[in-house]
Amino acid sequence: MLLGTSLLTGVGAPSAGAAVAPVNVTVNARAGLATVSDTALGVNHAIWDQYLATHETSDLLRSAGVQMLRYPGGSYADIYHWRDHTAPGGYVAPGTDFDTFMGAARRVGAEPMIIANYGTGTPAEAADWVRYANVTKGYGARYWTVGNENYGNGHYGSAWEADHHPDKSATYYANLVVSYAEAMKAVDPTIKVGAVLTMPANWPDGLTAGNDPGPWNQTVLAIAGPKIDFVDVHWYPGGNAAESLPRTSHITDAVHLLRQQITRYAGPDAGRIGISLTELNVTADGMTSQPAALFLADAYSGLLAAGVFTVHWWNVHNGIGRVSTVAGQTDYGDFGLLSSGTCTPDGSVCEPPVNTPFAAYHGLSMMSRFARSGDQFIRAGSDQPLVSAHAVRRANGEVAVLLVNKDPDNAYPVTIDYAGFAPATGAPTVHTHTNGATAIATGRSGTATSRTLPPYSLTTLVVGPAAAATGVPGAPGQPRASGVTDRGATISWPAATPGASPIAKYEVHRQNGAVSEQIGETTGTTLTVGNLDPGRRYTVNVLTRDTAGRVSWASPPLTFTTGSPAVSGCAVRFATTTDWGNGYVASVDIVNNSGHPVDGWTLTWTWPTSWQRVGSGWSANWEQVGGNVRVTGTDDNRRIPAGGTTNVGFVGEYSGPNVAPTAFRLNGTLCTVN
């Protein structure tokens, strides 16, 4: 397991008993996000877990809606030899061999995710495992990753992952991944092979070691990208409950950066490469109490909405850790979903009986009630930082809304506004899990538009439509962007299938938070849009409208970033020279492309996120107010001659995904970014 290095101050909650303002939640059915896959809800199984294959364990996982099981368990995968079921240097519990695991997975109804031994194994051993699983036994195991957290082999200084290869570099790992993939697919060409990457803004993201041409992710993708089908990352946000819960706000930018890396380095057809996140948990107080349930539901929802095809909690069973009290409940410091029934070394505190569900189990169960395979996430937002909102649209016309109250002390009245969806007037189905509850309460109550959220709670509303939709046209296919400039882009998409009436037009909507703004329409399947802001990330959807006024579901989302002017009187070269995971040294070249000198200059930009800042700088006067940076010349470099360049630099700091700025202005003029 890997702990994230970033820190973020927790959001302050109102004092207990204080009056709280009503919360406004917006659910926008026109703003489509990713579709929930059939492997979305996953957990880890480990060969040191003596309860791995018990019917009670499997039945509990099935009841929670688990769709994927990862085996043989984290770092143990890099010492595990499947044929004789041994892990030299580690403990292997009875009844945990591969066939027994597959029996358990089948009882759960879950797809397996198998980790091939990279640290002490070989491509031939992995290929033999594929042959046994899919040829000899006919298990049809589709997903195989090569190793686990292999950047933790000492290459960057820290060493917890077994690696017996003579070279610990990212380059060596990537080349051997190619050998693994070729050997495994020679046995079964239908399998999907994944490579280990690190989550952006988590160690060792940004670090380059040895003779590698770049950081771990860049190196692995550049070499192994054409041979792999997905990348596998882990995320442990770190900190206590107050610190962990707000960090779900990092997810959208982190997944965006990861996809950007895949696109940039993985070669042609990089869009086919999926993302799995196979270890997730909080790492301090709150691991078995309500913060874990809140974090799980919030993080799974954010990751799945961003297009991650499977998310896995670490772990099913783990064992007691540091015991504490969190929001009035005993927390056992256990990474497991279910109790292992273990005690502290001195025997003073014991967990509840084996397989007693912890809070995170109920969080996972809530996810299975909220987001089902085939549902499309739609944009939802809240004006209260302590209340998160997520929503999905179902094929039967229902909308499900998940509301997460992260305030341990206060209930919040919530008003829900729906865009592009008319809710039924009857009472919705409501699923609720509150602090300390041992089950999810389900019933019908209230309305679709208002609710009071108990403190530290999860609430899912399942809302039917006001009227059944018939004859609705199909949604357009995946949009693509081309000809992206600083001010415009051409968006195209596959045609939709008509419903009861002919298609009249397609509407293109941009997402602005939880609000959609129509930016154009056409009777064709291509639209060129203008008046965009330079250096800005846009997410758009296309909707079909027919001649009777019926409107389709939103298309899958398209995200693109506008660039800088092709020609300008100034240019900026922004480069990171050294990065250490939560800070970096940046070099900024300011180029005067005009035909006259610049006598006195001011360079400005705005950070893309709230957690980025200039720590200190040189060769200029540096100032940051909010997210806005202002840099002015000194007496030594205030004059830039025509065609000349001046260089300045700074130490940047970040406590989340480090998204580079892409729009710079020199004395108010928008510059070209080189």
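Start by selecting E517 and R510: their side chains meet in a salt bridge, 3.4 Å from N to O. Keep in mind as you go that this is a predicted model. Color the two by accessibility and they part ways: E517 counts as partly exposed at 32%, while R510 has a relative accessible area of 11% and is buried, since the cut-off for that is under 20%.

Next stop, D599 and R638. Here too there is a salt bridge, with the closest N and O atoms 2.8 Å apart. D599 sits in strand β29 (residues 598-599) and R638 in the loop between β33 (628-632) and β34 (639-640), so this pair ties together parts that are 39 residues apart in sequence. D599 is exposed, with a relative accessible area of 52%, and R638 is partly exposed at 36%.

Now jump to helix α3 (residues 123-136) and show D128 and R131, which lie 3 residues apart, about one turn of the helix. Their side chains form a salt bridge of 2.8 Å, N to O. Both ends are partly exposed: D128 has a relative accessibility of 29% and R131 has 37%. Add R83 to the selection, and you have a network of salt bridges linking R83, D128 and R131. If you want to hunt for others, the count for the model comes to 22 salt bridges.

Time for some strands. Select β35 (residues 645-654): 7 of its 10 residues are buried, so the rest of the structure largely encloses this strand. Bring up β28 (residues 583-592), which runs antiparallel to β35 and is joined to it by 9 bridges. To check the register, pick I590 and look for its bridge partner in β35, T646. Then show β31 (residues 612-618), also paired with β35 in the antiparallel sense, over 6 bridges. There, R613 stands opposite E653 of β35.

Last, the open sheet. Its 9 strands come in the order β17-β16-β19-β14-β13-β12-β1-β15-β18, with mixed pairing. At the edges you'll find β17 (441-444) and β18 (450-453), each pairing on one side only. On average, neighbouring strands are turned by 25 degrees against each other, direction ignored. Zoom in on β1 (residues 23-35) and β12 (residues 376-382), an antiparallel pair with 6 bridges; G32 stands opposite I378 in β12. Finish by showing helix α8 (residues 290-305), which packs on this sheet and touches several strands, including β1, β12 and β13 (387-393). The direction of α8 makes about 45 degrees with that of β19 (457-463), another strand it touches.

Conventions:
Residues numbered from 1 in each chain as written. Predicted model: local features only at pLDDT ≥ 70, side-chain atom pairs only at ≥ 80, totals over all residues. Heavy atoms only, no water. Pairing = 2+ DSSP bridges. Helix = DSSP H or I, 4+ residues; strand = E, 2+ residues; numbered from the N terminus. Axes fitted to C-alpha atoms, helices over the stretch in contact; angles between N-to-C directions. Contact = heavy atoms within 4.5 Å. Buried < 20%, exposed > 50% of the residue type's maximum accessible area, 1.4 Å probe, protein only. Salt bridge = Lys/Arg side-chain N within 4 Å of Asp/Glu carboxyl O.
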